[in-house]
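User: Could you take a close look at one part of this model for me, namely the open sheet in chain B? I'd like to know how the strands are ordered and paired.

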Amino acid sequence: MCELLIRTQDKAALDTPDAQASVSQRGDVITIQSDGWKWSEAELRSPFWTILKMPGVDATSVSAFVQPEPGDPKLNPYLRRRMFKLDLDALGHKADPATRLDLKASFDLTTTLAQKVQRPSVADPDVIGAAEAGIVG
Amino acid sequence: MTTVTRSIGTSGRDYSTLQAWEDARPADLTLTRSNSVGVGSTSSTIVLDVGASGTDNFYNEHSVTWNAQERRIVSYVGATKTATIGVLNGSSATWTGTPAALDSFVVNANPQTGECYNDSEFTNTSVLLTISGETTDTTNFLTLTAATGQSFIDNVNVQTNALTYNATNGVGLRITNTYANVISTNVANTRINRLQLSGTATRSVCIFQSGGSGQKFTQNIMHSDGETLNLASGTTITVRNNLMVRNTTNTTRACIMGYGTAHIVDENTIVRPTNRTAAGTGIDLRYITYNVRDCLIFGYTTPIKLSGNGAAPTVSNTGTDQTVITGTGNIGSMTPANEIQQPNATTGFDGRAKSGGSGIDAGAAVGDAFDIVGTTRPAGSAYDMGCWELVASNSVTGTAAQVLIKPSQAVSAAATYNVTASAAQTLLLFSQAAAAGISFSSTIAQILLPPTQAALAVEAFIGTIAQTFAKPTQAITTSITYNVTATAAQTLLPFSQALAGVQSFSASVAQTLLPFSQFIASASLITATVSQTFLRPTQAAALYYLGAGVLAQRFFGPSQAISATVSGPALTTMAGAQRLFGPSQLLICKVPALVTSTQFFSWRTD
């Protein structure tokens, strides 16, 4: 019983920790709305979004897609805006910067959750070693 | 600098959700680019210079100016440097003409405003809106607000409505899950105002400021179980003219809680309703120095954390129901029932100030010169404590930097309201019926907002530089002469409905004239000079239509029937870069002396 508005293109260049953490990226779920939601023209036509329809799937089943990376922003200013993304390529959505490409089919919960990908944490440039593999903490 | 204003709501708005609006904002609001047009532009695109960004959609939602025309960039292809343009705040969606190679263009930095419409309540289980990732400065920032006429502030009964969360009164944002935020933002300079926010499940937060500085949260109604406002960090955050209510037994959180530096907390009413036992802390800001001024704080045994954990507030003109706080003008041992209309939430909370309260006229002239609903401060001898300024009469006078707001309800008969204001003032006159003469005048940088309903007698407006006129939006029933004279940098917004008599408008450079969107029963005459836009009636024009223009003008004729003579002698005087758009439907009269021009089209002569 839900429809997902999904970012299909990175919103900005992702060459800084700030951007990596806070700017929406390809595969990020922007918002989850109920079945039959009356999307606006911009939401239906903008080339950087697509809509995934999941008829019969309860929104709470996919609510993790709109959750931020958990943590205290006072301690870590680089918490990701979205902890999980959808692998759009695996769902048959190709990246095309100029044209709106809509997903050609609706998907069930199992198919969708199979393409749920956890984003790695953004390394805090002020913490020495945080970017190193195998460093804990 | 043009604010890019986009609508949010569920009835044909630009965006149906708050998060889509935010996601579509530019990554850098301060970005500008000025250069020469490339090859291949069309009436709906502009090709930027070869040095422009190669990132797709990089300039989206910025405005772009070419040939004195400003449009919004809808999409951008980095490989070809081609920006597709669209409507900017009511402009045409296309260029008048086609940008030629080597013409100049400017991609502008813009403030970005999301205007919410109360088509329905904005609800979600968890967070409704996360604002993050945008670069701003103090002039190019994000604002989330209610559109004109959509806020609880705009409700015709605003003076008599209970001051509490009620989405039927205006735009409301509400979440239902526990441990969630209605709005979260870490973007500097963000402004949130004129909204109602509710998160009353366990530990929900109305606004979570997770980073950034300089944000302003003003004129909001906020109800929460956790914090109404949580400030994670930052400097000089302004919290002003808000009603902040926690109808909860939760004592571990505070109404305003957090960290940062030099925050400003003015003119707020901060309440735990009296159906709950007083407990906990009202304002708990740690490790910072900040100011609390003109607030009312009820229902918290520690109204403000004054020490410990590095708290160092300066408190003045603030009233509480607890022991008086050290500082200038503070009042203690107040009785909430004597200060606000209804402090008990089980019987209908109402945070408006109450006549006779000890907080009336006990504030200082700090913060904004208006209250949560726009009422001018002071209405009495001095500012009232809290978010609500009690209005005792219709008489209003003001000086510099004030806002004058006249009665929002019926003025019955034979009353003359004379409002005189000077620089940097706003005059908000009657929002309901004004039955008698109204006159007012203004000078520089003023805004005149006359009655929004029936005006039955004479009114006149006279304005000079940098003024905005917004005329009545409903019926004018008797013989009235509307003389609106404007000069540079003005906007004239006349009647949006029926006008039965003669009207005239004149304007000069850089003005916009938006005449009637419906019925014009008589003659209308519009003249203009450079860089003007005329938007003619979209419905019936029963007499004649005359337009004369020069460079860089556009005329949009009626989109429906014209039943009489269409006279266009001045059409032949048009010069380059003009466009005439005739009726898009029936034209049943003659069109004399049509010029032969590729720039003149769309007329039907049947």
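Analyst: Sure. One caveat up front: this is a predicted model, where local features need pLDDT of at least 70, side-chain atom pairs count only at pLDDT 80 or more, and totals for chains, interfaces and linings use all residues. Residues are numbered from 1 along each chain as its sequence is written, chains are lettered from A and ligands numbered from 1 in the order in which they are written, and side-chain values use heavy atoms, leaving out hydrogens and water.

Some context first: chain B has 2 helices and 49 strands (DSSP runs, H or I of at least four residues for helices and E of at least two for strands, numbered from the N terminus).

Now the sheet. In chain B, 9 strands line up as β1-β8-β11-β14-β17-β20-β23-β26-β29, an open sheet with parallel pairing. Two strands pair here if DSSP finds at least two bridges between them. At the edges of the sheet in chain B sit β1 (4-8) and β29 (312-316), each pairing on one side only. Going from one strand to the next, the twist averages 10 degrees (axes are lines fitted to C-alpha atoms, with angles from 0 to 180 degrees between N-to-C directions).

Zooming in on one pair, β14 (residues 191-193) and β17 (residues 216-218) of chain B run parallel, joined over 3 bridges. Within that pair, Asn193(B) stands opposite Thr218(B) in β17(B).
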